[in-house]
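Please look through the model shown here, turning to the surroundings of a ligand and then to the charged side chains that pair with one another.

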Amino acid sequence: MEILKIENLSKIYGKGETAVKALDDISFSVRKGEFIAIIGPSGSGKSTLLHMLGGVDRPTSGKVFVDNTDIYKLNETQLAIFRRRQIGLIYQFYNLIPVLTVEENITLPLLLDEHKVDLKHFEEIVKILNLQNRLQHLPNQLSGGQQQRVSIGRALMNNPAIMLADEPTGNLDSKNSGEIIDLLKMFNKTYNQTLIVITHDERIALQADRIISIEDGRIAKDEVIRP
Ligand code: ADP
Ligand code: ADP
C-alpha cells in the first residue's frame, strides 16, 4: 500500500534576485512501512523535502498525498491537526521545550489536541525508551541520547503513521546513535511505521530499505536495497 505520494514538488524560498530553488520538481512514492534514508550534500534540499512531507511548510508547487489525502488542500487548522495525528518529527537538536519536564514534553501533542493521555500507551512508550526514572527532569538535566529519546516519545504519543527524522543522530556519539536508530527501526518493523531519515552517516543509510540521494533539489538516485 502506498502511504505517501509526492508529485512534482517544488519549493522556492524568497523572491526575485535572492530567490532560492530548494526543491525542483521532485516525484516519488513511499510504501507503508518502508524505511527510507535520504542522503545528499549540505544545502541540497533534504530538510526542505522532509518539511514538505510532514505538512510543516507549504510547497511552491506540486502535491503531497498522505493516505490519499491531498494535504496542502487542507486549511491551516486542518493541516495542524493532520500533522499532530499522522506525523512524528524528530530533529538533530531535539527541539524539546526547556521549561517543561520530560513527562510534559512527551504528552504535549495530546494536550494541544485536547486529547486525554492514554496512560497505558504513555507508560509503554516510556518503558521502551527507558525514561521511567527521568520523567520529572528537565531536558537540560539529560544526556543527548536521553533527550533524543524524549523527542521520540513525544513524536510517538499520537501513534503517527509516518516518522520523519532530520539527522536524528547528528549530535550523538556512535553508541547513542546506534540506540536511537535501533529504536526507530523497532517501531518501523514492529508497528509498520513508515520511517524516513535524513542522515550523513553511511552506516545508518545502509540499514534502510531504500536510499534516495538528493542533489541540487532533485532526486539524483533512488535505490532499493531491501525489496
Ligand atoms: P539540506 O537539508 O540538504 O542541508 P535545506 O533543505 O536545509 O538543505 O536547504 C536547501 C536550500 O534552501 C539551501 O540553499 C538553503 O540555504 C535554502 N533554505 C532552506 N530554508 C530556507 C529558508 N527558510 N529561507 C530561505 N532559504 C532557505
Ligand atoms: P551519555 O553517555 O548517555 O551521553 P552523560 O555522560 O551525558 O550520558 O550522562 C550520564 C548520566 O548523568 C545520564 O543518566 C544523565 O541523565 C545524567 N546527567 C547528565 N547531565 C546531567 C545534568 N546536567 N543534571 C543531571 N543529570 C545529568
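In this predicted model, an oxygen atom of ligand 2 lies 3.0 Å from an N or O atom in the side chain of Arg134. A second oxygen contact of ligand 2 involves Gln146, which brings a polar side-chain atom to 2.6 Å from an oxygen atom of the ligand. With Asn140 it is the backbone that takes part, since one of the N or O atoms there is 3.5 Å from a nitrogen atom of ligand 2. Of the 550 Å² of accessible area that ligand 2 has on its own, the protein covers 42%.

The residues that surround ligand 2 are Arg134, Asn140, Gln141, Ser143, Gln146 and Asn176. Sorted by class, this shell holds five polar residues and one charged residue, with no nonpolar residue; the charged one is Arg134, because Arg counts as charged whereas Asn, Gln and Ser fall among the polar residues.

From the ligand we can turn to the pairing of charged side chains within the protein, where the count of salt bridges comes to 14. One of them joins the side chains of Asp24 and Lys21, with a distance of 3.6 Å from N to O. Lys21 is partly exposed, its relative accessible area being 48%, so it lies below the 50% that a residue must exceed in order to be called exposed.

Another salt bridge links Glu223 to Lys221, and here the closest N and O atoms are 3.9 Å apart, a distance that still qualifies because the cut-off is 4 Å. Both partners are partly exposed, with a relative accessible area of 35% for Glu223 and 47% for Lys221. Elsewhere, salt bridges that share partners connect Arg31, Glu34, Arg210 and Asp222 into one network.

Within that network, the salt bridge between Arg31 and Glu34 has its closest N and O atoms 3.9 Å apart. How buried or exposed are the two partners, Arg31 and Glu34? Arg31 is partly exposed, with a relative accessible area of 43%, whereas Glu34 is buried, with a relative accessible area of 4%. Glu34 is classed as buried because its 4% falls under the limit of 20%, and so this salt bridge pairs a partly exposed arginine with a buried glutamate.

How values were computed
Residues numbered from 1 in each chain as written. Chains lettered and ligands numbered in written order. Predicted model: local features only at pLDDT ≥ 70, side-chain atom pairs only at ≥ 80, totals over all residues. Heavy atoms only, no water. Buried < 20%, exposed > 50% of the residue type's maximum accessible area, 1.4 Å probe, protein only. Near = heavy atom within 4 Å. Polar contact = N/O pair within 3.5 Å; in protein donor to acceptor, adjacent residues only side chain to side chain. Areas by Shrake-Rupley, 256 points an atom, 1.4 Å probe, with all protein chains shown as cover.
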